[in-house]
Amino acid sequence: MDRLETDILIAGGGVAGLAALNIFGAAGFSCICVDLAPLITDGTADGADLRSTAFLRPAIELFQEAGLWDEMSRNATDLKVMRLLDAGGRENGVRESADFTAAEIGHDSFGSNLPNWQIRKTLVGHAGKMDWARLIAPARITRITTRLNEVIVRLSTGQQIRARLLIGADGRNSFVREASGIPVRRWDYGQKALVFTVSHPQPHENVSTELHRTGGPFTLVPLPGDNSAVVWMDRGPEIATLLVLDDAAFSGAATERSCSVLGPLKLTSKRVAWPIISQLAGRMDAHRTALVAEAAHVVPPIGAQGLNMSLADLACLRDLVGEARNKGEDIGSATLLSRYHRKRHAEVSARVLGVDMLNRAALAQNQSLRDLRRRGLHLLSGPGPVKQTAMRVGLG
């Protein structure tokens, strides 16, 4: 049996898990990351993650500290304005618009948008150059045994790994969470999200546009050139119908749904759909175990909250673990992990419930509720401290 030892074992090789590998490695810890699936870093390959992620400023600062952002930024598009549009009238058209501009709170941009497969490529490539990092994929965790001073993990490859801390970054159906006996509350909306990219004749001018109509938001997020990544949320049957349209008909449907805010849209990628849920773990810690990212919390893709919440988990945990090491203390102690739970769980819970409320407002079919949503947007977008506070809270 191949026996390995490391400071930190990370379960899950998605963007959050790979980010953890790099971030904790840059902080001086030896790390191993294990994932069920092969690590796909080619956007044209089957199974490639065609979504994009808008990293907000705190996330970018975290990547800068880990020495990652210079390389990541080569594929990034700045987000200077977040535009919310309400199209909830009886006719399909924009009836309320609100711009939230980074300059209003003293920043050049709110953050930057990157394709997920390129993020993964950078994170895998950077980790591969470092002595402190090891990736094992594909491999399945078959058993987790926690002892007083260590956690022992067995893999389907026959390998055994001993670590002082286990980080569960293995997604919404987390094996680590289940093995730790942590309860989870989950609810769905009957929605799916359709992800794809488009080109358009009008420049996006670094504006991320989120347009609300019955069924869920339609979001256009800037990519390089006159291109945007799109997340189209709607009821499951509607998404199923859209998936079988030919490219021309689908492009026409997307243009109509966007109210032509960037002109006629042209599909430039495959279409991928996934179910929309909210989910919240009862705790974010267990014996020698910390949950991060979707193992701990899942939200609908509204307001760029999902992965930015995950990176806030990593930043918090890194600081606590680094402080413990510097004091000569145990990096996987119950005291440290309880502090991590207390620092993160209340904020995470508030954000999960906040995004849930926004999504339920977007789902509203009753015209009076849609009109109420419009009035709320109008009030929020007015000048003054309320708007600035909303922007700062959104950044995290």
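Two strands pair if DSSP finds at least two bridges between them. The exercises below use a predicted model.

**Exercise 1. Find the bridge partner of Ser52 in E7, and place that bridge in its sheet.**

Step 1. Locate the strands. E3 covers residues 52–56, and E7 covers residues 111–115.

Step 2. Read off the partner. Ser52 is bridged to Pro115 in E7.

Step 3. Look at the pairing as a whole. E3 and E7 are joined by five bridges, in the antiparallel sense.

Step 4. Add the rest of the sheet. It is an open sheet of three strands, ordered E3-E7-E4, with antiparallel pairing. E3 and E4 (77–79) are the edge strands, each pairing on one side only. On average, neighbouring strands are turned by 30° against each other, direction ignored.

Step 5. Add the helix. H2, residues 57–65, packs on this sheet and touches E3 and E7. The direction of H2 makes about 90° with that of E3.

**Exercise 2. Classify how H2 and H8 are arranged, and name the residues in contact.**

Step 1. Recall what is needed. Two packed helices are described by the angle between their axes and the distance between the axes.

Step 2. Take the values. The axes of H2 and H8 (residues 306–326) cross at roughly 45° and come within 9 Å.

Step 3. Classify the angle. This makes H2 oblique to H8. The crossing of the two helices is left-handed.

Step 4. List the contact. H2 contributes Ala59, Leu62, Phe63 and Glu65, while H8 contributes Asn308, Leu311, Ala315 and Arg318.

**Exercise 3. Do the same for H1 and H4.**

Step 1. Take the values. H1 spans residues 15–26 and H4 spans residues 116–128; their axes come within 9 Å and cross at roughly 30°.

Step 2. Apply the cut-off. Angles under 35 degrees count as roughly parallel, and H1 and H4 are therefore roughly parallel to each other. Their crossing is left-handed.

Step 3. List the contact. On the H1 side are Val15, Leu18, Ala19, Leu21 and Asn22. On the H4 side they meet Asn116, Ile119, Arg120, Leu123, Val124, His126 and Ala127.

**Exercise 4. Decide how many disulfides the structure has, and describe Cys33.**

Step 1. Recall the bond. A disulfide is a covalent bond between the sulfur atoms of two cysteines.

Step 2. Count. A search of the whole structure gives zero disulfides.

Step 3. Check Cys33. Its nearest cysteine sulfur belongs to Cys31 and is 9.2 Å away, whereas a disulfide needs the pair within 2.5 Å.

Step 4. Check burial, which means under 20% relative accessible area. Cys33 is buried at 1%, and Cys259 is buried at 19%.

Conventions:
Residues numbered from 1 in each chain as written. Predicted model: local features only at pLDDT ≥ 70, side-chain atom pairs only at ≥ 80, totals over all residues. Heavy atoms only, no water. Helix = DSSP H or I, 4+ residues; strand = E, 2+ residues; numbered from the N terminus. Axes fitted to C-alpha atoms, helices over the stretch in contact; angles between N-to-C directions. Contact = heavy atoms within 4.5 Å. Buried < 20%, exposed > 50% of the residue type's maximum accessible area, 1.4 Å probe, protein only. Parallel < 35°, antiparallel > 145°, perpendicular 65-115°, else oblique. Left-handed = near helix turned anticlockwise from the far one by under 90°.
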